[in-house]
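Colleague: I would like to learn how to read a structure like this one. Could you walk me through some features, please?

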Amino acid sequence: MRIHDLPYADPGVPDARSGDRFLRWLFRGQLGGQLTSLAWGLVEQAGMAALPLGSGVAVQAVVDRSGGRLALAAGLIALSAAVLAVGDTMLHRASITNWITAAARLQQLLARKAVELGSTLSRRVAAGEIVTVSTGDIEKIGWFVEATSRFLAAAVAVVAIAVGLLLYVPSLGLLVAVGVPVLALAVLPLLAPATRRVDVQRKKAGRATELASDTVAGLRVLRGVGGEELFLGRYRAMSQEVRRAAVHSARMWSLISAVQVLLPGLMLISVVWYGARLALDGRITPGELVTVYSAVTLLLVPLQRFEEIAVAFSVSRPSATRAARVMALVRADAAPADAAAAPAPASGAAGCGVPGPRADAEAAGGLFDPVSGVFAPSGLLTAVVCGDPDVAGRLAEHLGGHGEGSAPDRAAERADGPADRAGAAGAPVPSVLLDGAALDAMPLAAARARVLVQDKDPVLLSGTLAELLDVPSSGAVAPDRALAAAQCGDVLEALVRSAPPPGGGGAADPMAARITERGRSLSGGQRQRLALARSLVADPEVLVLDEPTSAVDSHTEARVADGVQRLRTGRTTVVFASSPLLLDRADRVVLVLEGKAAATGSHRDLLRTDDRYRAVVTRETDADTGERAHGHRTGRTDERKESA
């Protein structure tokens, strides 16, 4: 794989059973590049190994006053230098290519996993760890992949030089042959504690990153409640912990660096001292001494590759373990047969006021959840009222066939939640049905194209407004219609004011106005309405909205509700809300209590007949309900007295 051929058409399926297995899989995927790098590494080492021989021949030629051998030595040195230059240049190119392609493969795998898991990823893996894997860990894993071929070439060179010296000057060669393994293995006992310290530092840095991200995202709210100093103090304390962990780690790495300098220096001194004694005794010639000295000096270069691969492996192994943990996450959806065989909940037949929602979903079409009993008929605007906002968020994502809809997550919820949540922990969870077909049985792309879920905290990516609204869609809803339905007129004016046309002439095009990262320059209500417009442009078959107007004032909320109702006429829309303005415009309302559909009807009927619904929507307390009931009873008693 060459750099200009990136990205990969298919990055492959990684072996995510462990960090070591993941590194081996990544190495096998780079086998062609590794062999190329190994070949150029051997060329580089061959040129390097020939230099001491040329130096020794040149010195001995001067001693013997032989001009012919001196010229031969000069030619040998020049040739060695040329081979070394070519080999080093091409080795660098091949190694960097391996690094970049390995990092690109890992980035594609992470992106694919993020798309597959959706918002579940941030709930199953800490945000700080996701940032660490997608930035620093990619670099470290790429470093190990890149260093592997250079290490193999260096290993071949070290063995060849040691054997050559043993044959050329046996007495000195034996000293080198004994010293090389000691130098290569000396730092290994220090790598384990160094790696542990680095891992602690990374964990603390990840938590600091997560805290900083949360602080920046909620900066507007913090300023409103005066909590800036509190969070600043927390981040300051966390950053000091990261600093201390970094210093603690750096001390161990400085010790490793000292060992890497000290031991080779001692071996070089030993070789020079022993070789000088042999030369003085006449047992070796000056040329042989220079050859051995040059070989040992140059031997330090490939020995550095041993230390490099040891360090690279020690720091990349935890990174690979974290990456493998993310890669191992799967959408553990229930089998389609489970959904088909699951009995309809009793609440659908009696408690909901809608007989047989499963039968209705299969006959008339619509979205039906066998677990909660929530049914959204095709072509209607259905509002869902939940007493618990967290339950509403999980149910909204479950209706989309992703997020907390995966079986392990839902099983964990049942294990920790009330006893009336159906099923035991670990039991298969029935799939959501769309027009009678199990949503989990559909390909992921097809399911997400048919059912779009907008959560309560939608993300706006930086770019122009045109780019924000350039999403996969049916093409039936133009951006201007979606913006009008979402009541984004004031948002467009704010964007135009923040990005006036160049030169100050002419009217600015709102679609060309830039939106800052996460739309932080906009208010919460403006961000919500832009996100709603983006969802309306997509025009999915089923649109699920979780509190789409929670940050919007009442007047604007009423107009947004009218706009959505008009634009989504004939399309299935599910809105999770507790605002009477939205509920009054819904074709039907479903009340969900403790994860189950408890009542169904129109907003006004439920408000009049169901105390539980009225308590959730109007925020009444039990005391208020009791007082009103007591007032009704007192009034009826007074009426009976007057009649008597």
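Modeller: Gladly! Let's begin with a pair of residues: L433 has A438 in β5 as its bridge partner. Strands here are DSSP runs of E with at least two residues, helices are runs of H or I with at least four, and both are numbered from the N terminus. Two strands pair if DSSP finds at least two bridges between them. In this case β4 (residues 433-434) and β5 pair in the antiparallel sense over two bridges.

Colleague: Before we go on, what should I know about the model?

Modeller: The model is predicted, so local features need pLDDT of at least 70 and side-chain atom pairs count only at pLDDT 80 or more, while totals for chains, interfaces and linings use all residues. Residues are numbered from 1 along each chain as its sequence is written, and side-chain values use heavy atoms, with hydrogens and water left out.

Colleague: Thanks. In what order do the strands of the open sheet lie?

Modeller: The order is β2-β1-β4-β5, four strands with antiparallel pairing. At the edges are β2 (375-377) and β5 (437-438), each of which pairs on one side only.

Colleague: How do I read two packed helices?

Modeller: Two packed helices are described by the angle between their axes and the distance between the axes. The axes are lines fitted to C-alpha atoms, for helices over the stretch in contact, and angles run from 0 to 180 degrees between N-to-C directions. Here α2 (residues 31-63) and α3 (residues 67-117) pack at about 160°, and their axes are 7 Å apart. That makes α2 roughly antiparallel to α3, a label for angles over 145 degrees.

Colleague: Which kinds of residue make up the contact of α2 with α3?

Modeller: They divide into 21 nonpolar, 13 polar and three charged. Ala, Val, Leu, Ile, Met, Phe, Trp, Tyr, Cys and Pro count as nonpolar, Asp, Glu, Lys and Arg as charged, and the others, Gly among them, as polar.

Colleague: Now β11, please. Is E594, in the loop after it, buried or exposed?

Modeller: Buried means under 20% relative accessible area, exposed over 50%, and partly exposed in between, with a 1.4 Å probe and protein chains only. E594 is exposed, at 53%. This residue sits in the loop between β11 (588-593) and β12 (596-601). The two strands form a hairpin with two residues between them, and E594 in the turn has a positive phi of about 55°.

Colleague: And why is β11 described as largely enclosed?

Modeller: Because five of its six residues are buried, β11 is largely enclosed by the rest of the structure. On the pairing side, five bridges join β11 to β12, and these strands run antiparallel; V590 stands opposite T600 in β12. β11 also pairs with β3 (residues 381-386), in the parallel sense over five bridges, where A383 stands opposite V589.

Colleague: Where else is there a positive phi in a residue other than glycine?

Modeller: Look at D539, with phi near 50°. D539 lies in the loop between α20 (524-538) and β9 (542-546), and is buried at 8% relative accessible area.

Colleague: Which side chain does T573 contact?

Modeller: A polar contact is a pair of N or O atoms within 3.5 Å; within protein, one must be able to donate a hydrogen and the other to accept it, and residues adjacent in sequence count only if both atoms are side-chain atoms. The side chain of T573 makes such a contact with that of R568, at 2.9 Å. T573 belongs to β10 (residues 572-576) and is buried, with 1% relative accessible area.

Key. Angles under 35 degrees count as roughly parallel, over 145 as roughly antiparallel, 65 to 115 as roughly perpendicular and the rest as oblique.
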